[in-house]
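Welcome to this tour. Open your viewer, and let us look around together, one selection at a time.

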Amino acid sequence: MKIIDSHVHIYPEFLKKERDKIAAREPWFDLLTSSKVQKWGVAEELIEAMDAAGIESSFATTFAFRDIGLCREMNDYLFDAAKRFAGRITPLAVVPPTDAGAPAEAERAFDMGAAGIGELFPDGQGFDMADASQLRALCEMCRERGKFIMFHTAEQAGHSYAGKGAYGAREAAAFCRNFPLVRVIFAHFGGGLWAFSAMPEMRLLMVNARFDTAAWPWLYEPRVMDAIFAVGAGDKIFFGSDWPILGFERYAKLIGKTSLAEEEKSALLGGSAEKFLRQEP
Ligand SMILES: [Zn+2]
């Protein structure tokens, strides 16, 4: 079985070294990196972890800053890593969507081989996922170039935690309504958006939307996955770990406790993400 991890982060060494200096001007980075679950990881460590878990390739992103200069530095590191580990790292570039320079940086990233843009943080980067005017330029570029966007979303119920943010299923649905033709991944189960696959009009709007499992061990019981398949959204959910803060083993354990058939497990663990990359329906 070919395993694809659709959600990992890698960080250049200088980010850890200059953490305090950067945190002073990037409040979301400050919040996330002072959390007790924070872990750092460079590209080499990611590849080691992937080898140990039998993961063939990963959609890798870095950290989405407000500052476009920092985003550029993140992207440079990512493209270098993707070149060094060709075939193992599928790069996702970061840009602050409302910055005037965002479309140009996205264009540069696509020219360098980025498969998409993400994981963007609406709360952290100060944009509104539901406001079409803020995202139009970036979305048009993604559509033109056949690329996708990944957004951080979270369940707007349950316990609160650092980095949860205020964007969930409602805002993700608004994005789908504004940009139904843009291919998009909503991280962390889309904050529950998958459940609306049982509404005919939402199923239509979400034709280009996908979800990932990042943070599953901290959020949901195994049976959430049975529910996702039961509601007809099983082809929309990708295994994503959020490495380095969580590793593959925790997810393997959860998947083992579901009632998924073998072919459903293989779709979840990579088959569906592979199709998405190939732009197959
Ligand atoms: Zn993440």
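Among contacts in the protein chain between residues at least 6 apart in sequence, what percentage join residues at least 24 apart? The figure is 76%, where a contact means heavy atoms within 4.5 Å.

Before you click further, here is some background. This is a predicted model, in which local features need pLDDT of at least 70, side-chain atom pairs count only at pLDDT 80 or more, and totals for chains, interfaces and linings use all residues. Residues are numbered from 1 along each chain as its sequence is written, and side-chain values use heavy atoms, with hydrogens and water left out.

**Stop 1: the whole chain**

Select the protein chain and turn on the cartoon view. You will find 14 helices and eight strands; helices (H or I, at least four residues) and strands (E, at least two) are DSSP runs, numbered from the N terminus. The C-alpha trace spans about 45 × 40 × 35 Å along its principal axes. The radius of gyration of the protein chain is 17 Å, which agrees with the value near 19 Å for a compact globule of 281 residues. That radius is taken over C-alpha atoms, and the globule rule is 2.2 Å times the number of residues to the power 0.38.

Now show the surface. The accessible surface comes to about 11800 Å², and 52% of it belongs to carbon and sulfur atoms; such areas come from the Shrake-Rupley method with a 1.4 Å probe, and for residues only the protein chains shown count as cover. Of the 281 residues, 56% are buried, meaning under 20% relative accessible area (exposed is over 50%, partly exposed in between; 1.4 Å probe, protein chains only).

**Stop 2: the sheet**

Select the strands next. Eight of them form an open sheet in the order β1-β2-β3-β4-β5-β6-β7-β8, with parallel pairing. At the edges stand β1 and β8 (237-238), each with a single partner strand, so one side of each has no neighbour in the sheet. Two strands pair if DSSP finds at least two bridges between them. Strands of a sheet pair through backbone hydrogen bonds, either parallel or antiparallel.

Zoom in on these parts of the sheet:

- β1 (residues 3-9): seven of its seven residues are buried. Five bridges join β1 to β2 in parallel, and I4 has S57 in β2 as its bridge partner.
- β3 (residues 89-93): two bridges join this strand to β4, and the two run parallel. Look for A93, whose bridge partner in β4 is I117.
- β4 (residues 116-120): five of its five residues are buried, so this strand is largely enclosed by the rest of the structure.
- β5 (residues 148-151): three bridges pair this strand with β6 in the parallel sense. Here I149 stands opposite V184 in β6.

**Stop 3: S58**

Select S58, in strand β2 (residues 55-61). Is S58 buried or exposed? S58 counts as buried, because its relative accessibility is 0%. Leaving out residues up to four places away in sequence, S58 touches D5, V8, L46, M50, R88, I89 and T90.

**Stop 4: G191**

Finally, where is G191? Look in the loop between β6 (184-186) and α10 (200-205). G191 counts as buried, because its relative accessibility is 14%. Leaving out residues up to four places away in sequence, G191 touches T153, A154, E155 and A169. Now add Y167 to your selection: Y167 and G191 are 24 residues apart along the chain, and their C-alpha atoms are separated by 7.8 Å.
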